[in-house]
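Please open the model in your viewer, with a cartoon display and residue selection ready. The tour below proposes one selection after another and says what is found at each stop.

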Amino acid sequence: MTVFLTNSLTGRKEEFVPRVPGEVRMYNCGPTVYNYAHVGNLRAFLMADVLRRLLEARGFEVRQVMNITDVGHMTEDDIRDAGEDKMAVAAKELGKDPYEVAKFFTEAFFADLKALNFQEAEAYPRATETIPEMIAMVERLVSKGNAYVVGGNVYFDVATFPEYGKLSGNTVASLKAGARLEVNPEKRHPADFALWKSDPQHIMQWDSPWGPGFPGWHIECSVMAQAILGEEIDIHTGGEDNRFPHHECEIAQSEAATGKTFARYWIHTGYLQVGGEKMAKSKGNFFTLRDLMEKGYDPRAIRAALISVHYRQPMNLTLDGIDEAAKNLERVHELLRKTTGTDGLPDRPEVAEAAARARNDFDAAMDDDMNVSPARAAVLALVSELNRAGADLSTADANLVRGTFAHFDGILGTGLMDFDDGEDLSTEVEALIEARNAARKAKDFAESDRIRDELAGRGIILSDGAGGTTWKRK
RNA sequence: GGCGGCGUAGCCAAGUGGUUAGGCGGUGGAUUGCAAAUCCAUGAACCCCGGUUCGAAUCCGGGCGCCGCCUCCA
């Protein structure tokens, strides 16, 4: 099976072939930890998680690295205004130093990853722990003539890298035509970008050959990726807003420094809107994972909703969308609860056929640039077919069915197998169910409904089926 | 102004030249003490205008609308 991915570098869907056979080196542009990650951030990270799961399911060994940006960044505007960056603002608001702020939000981020059932990456490098390597790379660029020093600042000279623009289409010429770049008299060209900056007002400072300062905002990713994965990586991911200038600049500085192709596949996730609008705190549609969980949404459903739209498409997340995902998840759980299998029943060829067909359809869709929509349709088609087939499956067929859903879940990670099979019912609840069934037999429906409501209040949902009363936790 | 993306039924969302994907919701039915779950049935569609074609949601041209990036941002 071959995985095809849409490569932003070429704009085409391409067969994925890692440089080293069987081994994938993947770098994900991670969060800036001056605040909680919001659902838009998480969508992009989820794309990377699904990709990693897919590649592993296809037999690749995946070396995944996600950076943690714990250096606040300063823009040129900030320099003019007051020289204050977001990390500094957050630090001031919380009355803490920036390292404590970063630590706090890094931990919150890891909690989010856990709640959303992320696979753990090989490494989560911190920008603040990679400063010497960054300085070394800047020195290398200066000595090769790709960067120049002005005062305490170092800039990358885009004129020395003719391929600038190959990722975003923003070539030096088209940027000039656009004529919206600010003119900084220190720079030789407006598109030149900072590799190292000095600013006495910046809270985080390190010594360097050019005096005290801090790294430019593109250099971190190049350095952290190369420090762990080497100079040539296979896949680099991020949100589409990172495509330019961030990733364009990463390519320029990395390839100018090494003379090698930095990353061969660039994968970008589309922008997430909420309720049809850009997320903004002022609009009240700015959601973090914990906001949604506090509203009672199941993180598995949130994950399912966030990956339900093709990753390259813009996506509009709605609360209805999460409800829909929750409902579909529940359909799978409902089916699997009754798919227990009975010894002695004959195997049914149509069950094996349905499972095989669903698996093929699912895999084909996911291999096609992670096309989740048909993949999800394959999952739900299998649910429908099995519901139609009835519950009297042989033990072997039941195991086959469960194995098929486990395969889906291994790639989607939405908790398909994470259902309550009703084994640990307390004797008290059991007694109430018995009492209710007695009342039903006596046609005392007022009493039976009272008991059902009482259990519902404790989060236990009863269902009366042909084979007796079953229950599940809400 | 430059670079890029999107417009499919009440909602979400595949498809991308000819055979009504799928889901959520709605409606009718089966089942049920009533529900739930499940099954069966069912309506509704391709932003607009031209063009190519036997045939276009799908290709081409022109509009309109929405969104992202060009300042940190997934």
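**First stop: a helix across a sheet**

Select helix α7 (residues 219-229), which lies across β3 (23-28), β4 and β9 and runs at about 145° to β4. Helices here are DSSP runs of H or I with at least four residues, strands are runs of E with at least two, and both are numbered from the N terminus. The angles run from 0 to 180 degrees between N-to-C directions, with axes as lines fitted to C-alpha atoms, for helices over the stretch in contact.

This is a predicted model, in which local features need pLDDT of at least 70 and side-chain atom pairs count only at pLDDT 80 or more, while totals for chains, interfaces and linings use all residues. Residues are numbered from 1 along each chain as its sequence is written, and chains are lettered from A and ligands numbered from 1 in the order in which they are written.

**The parallel sheet**

Now select the strands beneath this heading's name: four of them form an open sheet in the order β4-β3-β9-β10, with parallel pairing, where two strands pair if DSSP finds at least two bridges between them. β4 (61-66) and β10 (263-269) stand at the edges with a single partner strand each, so one side of each has no neighbour in the sheet. On average, neighbouring strands of this sheet are turned by 20° against each other, direction ignored.

Select β3 next: five of its six residues are buried, so this strand is largely enclosed by the rest of the structure. A residue is buried if 20 or more other C-beta atoms lie within 10 Å of its own, exposed if 12 or fewer, and partly exposed in between, with C-beta atoms placed from the backbone. Six bridges join β3 to the parallel β4, and Glu23 stands opposite Glu61 in β4. From β3 the chain crosses through helix α1 (residues 39-57) to β4 in a right-handed β-α-β crossover, meaning that, with the strands pointing away from the viewer, the path from the first strand over the helix to the second runs clockwise.

On the β9 side, three bridges join β3 to β9, again in parallel, and Asn28 stands opposite Thr237 in β9. Strand β9 (residues 233-239) pairs in the parallel sense with β10 over six bridges, and there Thr237 stands opposite Ile267.

**The antiparallel sheet and its loop**

Move to the four strands that form an open sheet in the order β5-β6-β7-β8, with antiparallel pairing. Two bridges join β7 to β8, and Lys197 stands opposite Phe214 in β8.

Then select Asp199, in the loop between β7 (193-197) and β8 (214-215). Is Asp199 buried or partly exposed? Asp199 is partly exposed, because 18 other C-beta atoms lie within 10 Å. Its C-alpha atom is separated by 9.1 Å from that of Asn153, 46 residues apart along the chain.

**Last stop: helix α12**

Select α12 (residues 349-367), whose buried residues include Val351, Ala354, Ala355, Ala358 and Phe362. An α-helix has 3.6 residues a turn, so residues three or four places apart point the same way. Among the elements covering the buried residues of α12 are β1 (4-7), α13 (372-389) and α14 (395-412). Just after α12, Asp369 takes a positive phi of about 60°.

Finally, zoom out to chain A, which has 16 helices and 14 strands, and of whose 474 residues 40% count as buried.

Note on methods:
Two residues are in contact if their C-beta atoms, placed from the backbone, lie within 7 Å.
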